[in-house]
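Biologist: Please take one part of this model and look at it closely, residue by residue, before moving outward to its surroundings. I would like a single connected account, with the reasoning given wherever a label depends on a cut-off.

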Amino acid sequence: MMTGSLLTAWVVGLLGGVHCVGMCGGIVATLTAGLPREQRQQLARQLPFQLAYNSGRILSYTLAGALMGALGAVALEFLPLHLAQRALYLIAAVFMLALGLYLGGWWQGLTRIERLGARLWRHIEPLGRRFLPVRHWSQALAVGLVWGWLPCGLVYSVLIWSAGSGGPLQGALLMLVFGLGTLPNLLGLGLLAGAAARISEQRWLRQLAGVMVIGFGLYALWQGLVL
């Protein structure tokens with residue numbers, strides 16, 4: 001089950017690129033434009049900064065996943081093992097189905113979850129300004145750590161899913177793999193003016209990914225019901 005969840009999380013991150021570009025495209029463009037001119041104009045010199053931005057972002061996802069996994073594990077300790085296993089499968093199933101529908105473009109309800117994090121973001125966002133303008137990769141890493149907490153329905157849905165992953169390690173791993181899935185789109189957006197991101201905009205590809213994730217969700221639902 002965990003292997004299927006990790007594969008699904010990676011697919012969701014990779015092919016959720018249209019949403020990533022919409023949410024983070026402006027941030028990527030602003031951060032790239034803020035680099036010194038000689039670094040912007042040379043791909044090799046820009047790469048360490050782009051990697052640092054995204055490493056910080058993915059690290060924040062991983063930490064948040066560990067926290068949610070731990071909270072979910074504590075909650076499940078109050079249930080008998082049989083019920084706890086069923087709860088894990090059903091949580092995974094529900095969010096796999098929701099993510100599949102989102103990826104395929106058939107339902108956009110997950111974006112409403114973003115409103116829940118808007119208040120928290122107002123307190124976190126000013127922290128990132130302290131490291132601007134970015135002149136060193138360590139500043140870029142710090143900005144990325146803050147960027148990782150940007151309200152995002154796609155990220156939040158996977159986070160809620162990670163609460164049912166079984167524990168902090170599983171939750172962290174789930175969010176790490178999801179974050180790595182988002183990397184080609186956002187790294188490509190920063191380095192190649194969106195060349196990598198445009199691949200995920202193919203409607204048929206997103207729908208294929210949606211069907212794949214829904215398939216995992218239906219399997220998880222079946223597992224949860226027959227346990």
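Modeller: In this predicted model, Thr-8 has a relative accessible area of 0% and therefore counts as buried, since that label applies to values under 20%. Thr-8 belongs to helix H1, which covers residues 2-15. Leaving out residues up to four places away in sequence, Thr-8 touches Met-96, Trp-161, Val-213 and Phe-216. Val-11 is also placed in helix H1, and because its relative accessible area is 6%, Val-11 is buried as well. In general terms, an α-helix has 3.6 residues a turn, so residues three or four places apart point the same way. With neighbours within four places in sequence set aside, the contacts of Val-11 are Gly-16, Leu-103, Ala-209, Met-212 and Val-213. Val-213 thus appears among the contacts of Thr-8 and again among those of Val-11. Along the chain, Val-11 and Val-213 are 202 residues apart, yet 7.9 Å separates their C-alpha atoms.

One contact of Thr-8, Trp-161, leads on to helix H8, which covers residues 153-162. Nine of the ten residues of H8 are buried, so this helix is largely enclosed by the rest of the structure. The buried residues of H8 are Gly-153, Leu-154, Val-155, Tyr-156, Ser-157, Val-158, Leu-159, Trp-161 and Ser-162.

Helix H8 also takes part in walls around empty space, and the whole structure holds two cavities of 30 Å³ or more. The second largest cavity has a volume of about 30 Å³, and its lining consists of Ala-64, Gly-148, Trp-149, Leu-150, Val-155, Tyr-156 and Leu-159. With three residues, H8 supplies the largest share of that lining. By class, six of the residues lining this cavity are nonpolar, one is polar and none is charged.

The second largest pocket, with a volume of about 220 Å³, is lined by Ala-64, Leu-67, Met-68, Ile-113, Leu-116, Gly-117, Leu-120, Trp-149, Tyr-156, Leu-159 and Ile-160. Helix H4 (43-76), H6 and helix H8 (153-162) are the elements that each give two or more residues to the lining of this pocket. Ten of the lining residues are nonpolar and one is polar, with no charged residue among them. Ala-64, Trp-149, Tyr-156 and Leu-159 are listed both in the lining of this pocket and in that of the second largest cavity.

Helix H6 connects this account to the largest pocket, where about 270 Å³ of space lies. The largest pocket is lined by 15 residues, and Ile-27, Leu-31, Gly-128, Leu-132 and Val-143 are those nearest its centre. Two or more lining residues come from each of helix H2 (17-33), helix H6 (114-129) and helix H7 (137-147), and H6 gives the most, namely four residues. The lining of the largest pocket comprises ten nonpolar, three polar and two charged residues, whereas the lining of the second largest pocket has no charged residues.

Helix H4 is also involved in the one aromatic pair that a search of the whole structure finds. The ring centres of Tyr-61 and Phe-178 are 5.8 Å apart and the ring planes meet at 40°, so the pair is classed as tilted, a label that falls between stacked, under 30 degrees, and edge-to-face, over 60. Tyr-61 lies in helix H4 and Phe-178 in helix H9 (residues 168-192), so that the pair links distant parts of the chain, 117 residues apart. Tyr-61 and Phe-178 are both buried. Another ring, that of Trp-147, has Arg-57 over its face, at 5.4 Å from the ring centre.

Seen across the whole chain, the secondary structure amounts to eleven helices and zero strands. Of the 227 residues, 50% count as buried. Among contacts with a separation of 6 or more, residues 24 or more positions apart account for 81%. The pairing of Val-11 with Val-213, 202 residues along the chain, and that of Tyr-61 with Phe-178, 117 residues apart, are two examples of long separation in sequence.

How values were computed: Residues numbered from 1 in each chain as written. Predicted model: local features only at pLDDT ≥ 70, side-chain atom pairs only at ≥ 80, totals over all residues. Heavy atoms only, no water. Buried < 20%, exposed > 50% of the residue type's maximum accessible area, 1.4 Å probe, protein only. Contact = heavy atoms within 4.5 Å. 1 Å grid on protein atoms, 1.4 Å probe; cavity = no way out; pocket = protein on both sides within 12 Å on 5 of 7 lines; lining within 4 Å. Points joined across faces, edges and corners; volume = space filled by probe spheres on them. Nonpolar A, V, L, I, M, F, W, Y, C, P; charged D, E, K, R; others polar. Phe/Tyr/Trp six-rings, centres within 6.5 Å; stacked < 30°, edge-to-face > 60°. Lys NZ or Arg CZ within 6 Å of the ring centre and 35° of its normal.
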